[in-house]
Amino acid sequence: MSTEVEQMEERVESILDNYQREKGMLVSMLQDIQAEYNYLPGEALVQVSRGLDVALSQVYSVATFFKAFSLKLRGRHLINVCLGTACHVRGAVRILEEMERKLGIKPGETTEDLKYTLETVNCVGACALGPIVIIDGKYSGQMKSNKVKPLLESYE
C-alpha cells in the first residue's frame with residue numbers, strides 16, 4: 001500500500017507526463033496540481049522543479065505571481081468578496097465583516113474544519129451586481145449582511 005507522499009509523487013509525475021514535461025506548460029501543470037490538492041503543496045513544487053529541470057525559485061515565482069494559486073491548504077469552499085469600487089460603495093466591507101463574524105476567520109484564512117477559505121478580490125467585472133460574493137465560482141450579487149448566513153448555510 002503506497003503512502004500519501006508516494007501517491008502525490010505518482011500524481012505529479014502523471015501531470016508532468018501529460019504535458020510532455022514542456023516547461024512552457026508550467027502554469028497548466030500547476031493548475032492541475034491545485035485542482036488535485038486544492039492548493040500547491042511544497043513537495044509537489046519541488047518535484048515539478050526537478051521534473052522540468054528548472055530552478056525551484058522559478059516554479060515558486062509563477063506559483064506566487066498568480067492570485068489563483070495558493071501555497072496554503074484551502075477549504076473545500078473558496079469564498080471571494082469583491083472590494084472593487086462599485087462593490088465597496090454599495091457596502092462590500094459590511095458583507096466582508098459579516099463573513100468574518102460568521103466564519104471566525106479573516107481574509108486569507110481557512111476555517112479549522114477546512115470547510116471555507118475567505119479571500120478578497122479587487123474587482124470581478126460584475127459591477128452592476130455589486131456587492132458580489134463568489135463561492136466556488138458561483139456569483140451571488142446584490143449581497144446584504146442579512147443574506148450572508150443563508151448563503152453560507154446553502155453550502156452546509
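**Aromatic rings and helix α3**

At 36% relative accessibility, F66 counts as partly exposed; that term covers the range between buried, under 20% relative accessible area, and exposed, over 50%, with a 1.4 Å probe and protein chains only. Before going on: this is a predicted model, where local features need pLDDT of at least 70, side-chain atom pairs count only at pLDDT 80 or more, and totals for chains, interfaces and linings use all residues. Residues are numbered from 1 along each chain as its sequence is written, and side-chain values use heavy atoms, with hydrogens and water left out.

F66 pairs with F69 edge-to-face, at 6.1 Å centre to centre and 85° between the planes. Rings of Phe, Tyr and Trp (its six-membered ring) pair if their centres lie within 6.5 Å; planes under 30 degrees apart are stacked, over 60 edge-to-face, and the rest tilted.

How many aromatic pairs does the whole structure hold? The search finds 2. In the other, F65 and F66 are also edge-to-face, with centres 4.9 Å apart and 90° between the planes. F65, F66 and F69 form one aromatic cluster. Within that cluster, F65 is exposed, at 64% relative accessible area, while F69 is buried, at 10%.

Now to helix α3, residues 42-52. Helices here are DSSP runs of H or I, at least four residues long, numbered from the N terminus. Which residues of α3 are buried? They are A44, L45, Q47, V48, S49 and L52. Their cover includes α1 (4-18), α2 (26-37) and α4 (56-65), where contact means heavy atoms within 4.5 Å. After α3 comes D53, with a positive phi near 55°.

Note on methods. Helix = DSSP H or I, 4+ residues; strand = E, 2+ residues; numbered from the N terminus.
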